Amino acid sequence: MRAIAIAVALTACMSPDPQQLAQRYESAKFCPRDRVRVGLVPELGLELVHATSVPSEPWREPDLAADVAADPARLGVWRAARDAAFRAWQARQRERDPATSRAGERERQVPIYAATGCGGTELFACRSYRHNVYCDPIAGVVLPAERLICRDGRAVHAIGDAIGCGDGSAIADPYACSSACSAAKSCELACSEDRCRLACTEAEVTCAADCFDAARAGCQAAGLDRFGMCETVAAQARELDDTRQSVAKTSAAVRARLDAARR
């Protein structure tokens, strides 16, 4: 959906115009204006998901020449330089980690507004950019870049016609889950025949598909599917399930050929 640009005067604190959000909701849901309610939902926030993290940069110990190691004074200078480089490396890791980076913290502070009415709810993430506030509809609970969370650690779920926080398990992050499935690569390296490598590939695809199936089931169990909040993760789950079936079919054909060749 196209972002809604809300022009505001240059002030110390900018906020979205509820009437603009109500108009957007009225047009999308065909809901009379007098039945639309718009308000801030302070308990909800956004979180950068695992998939957006930058690959970790391994620490590489600098080379230590033999003549430097043999001279205590020079070795002291080398160690000081090495320690400074190590601290700089640690700082880069913190900056790249979505859980601790400034970008991650900014994302968690993005205000979430809800437009509710006619039995539905639409959430908007409203970000300030210089002289304007842009409010983007949140199309899904789990997105490639960010996901909806409760700031206090509770679970996001449907509460009547609204979306809020309550007790229960939070919806699992399928991207973090599926990233662990890449362990199947080490499985392939340990294989000495095609049949084994096929089994590794099947296991990896099945693992990723199970991750998204679990996220889809959790989203639906939370009652968020009736607000369209499960569509993104459901589409990913369907795509992975198709991939799983395709891989299984290909593997079966290859195994049949291998068996025929042995006869």
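Let's start just after helix H1, where Phe30 follows with a positive phi, near 55 degrees. Helices here (H or I, at least four residues) and strands (E, at least two) are DSSP runs numbered from the N terminus.

This is a predicted model, in which local features need pLDDT of at least 70, side-chain atom pairs count only at pLDDT 80 or more, and totals for chains, interfaces and linings use all residues. Residues are numbered from 1 along each chain as its sequence is written, and side-chain values use heavy atoms, with hydrogens and water left out.

**Helix H1**

H1 (residues 18-29) has 12 residues, and its end C-alpha atoms lie 16 Å apart, which agrees with the 16 Å expected at 1.5 Å a residue; that expected span is 1.5 Å times one less than the number of residues. At the start of the helix, a side-chain oxygen of Asp17 comes to within 3.0 Å of the backbone nitrogen of Gln19. Which residues of H1 are buried? They are Leu21, Ala22, Arg24 and Tyr25, where buried means under 20% relative accessible area, exposed over 50% and partly exposed in between (1.4 Å probe, protein chains only). These residues cover an arc of only 160 degrees around the axis, so they sit on the same side of H1; the arc is taken over the directions from the helix axis to the C-beta atoms.

**The E8-E9 hairpin**

Strands E8 (residues 155-159) and E9 run antiparallel, joined by five bridges; two strands pair if DSSP finds at least two bridges between them. Ile159 stands opposite Ala162 in E9. Two residues separate the strands of this hairpin, and Gly160 in the turn has a positive phi of about 65 degrees. Four of the five residues of E9 (residues 162-166) are buried.

**An aromatic pair**

One aromatic pair turns up in a search of the whole structure. Tyr175 and Phe212 meet edge-to-face, 5.3 Å centre to centre with 90 degrees between the planes. Rings of Phe, Tyr and Trp (its six-membered ring) pair if their centres lie within 6.5 Å; planes under 30 degrees apart are stacked, over 60 edge-to-face and the rest tilted. Because Tyr175 lies in helix H5 and Phe212 in helix H7, the pair ties together parts that are 37 residues apart in sequence.

| Residue | Relative accessible area |
|---|---|
| Tyr175 | 12%, buried |
| Phe212 | 5%, buried |

**The core**

The largest nonpolar core has 32 residues, and those with the most contacts inside it include Leu44, Leu123 and Ile163. H7 gives the most to this core, with six residues.

Terms used. Polar contact = N/O pair within 3.5 Å; in protein donor to acceptor, adjacent residues only side chain to side chain. Core = buried A, V, L, I, M, F, W, Y, C linked by side-chain atoms within 4.5 Å.
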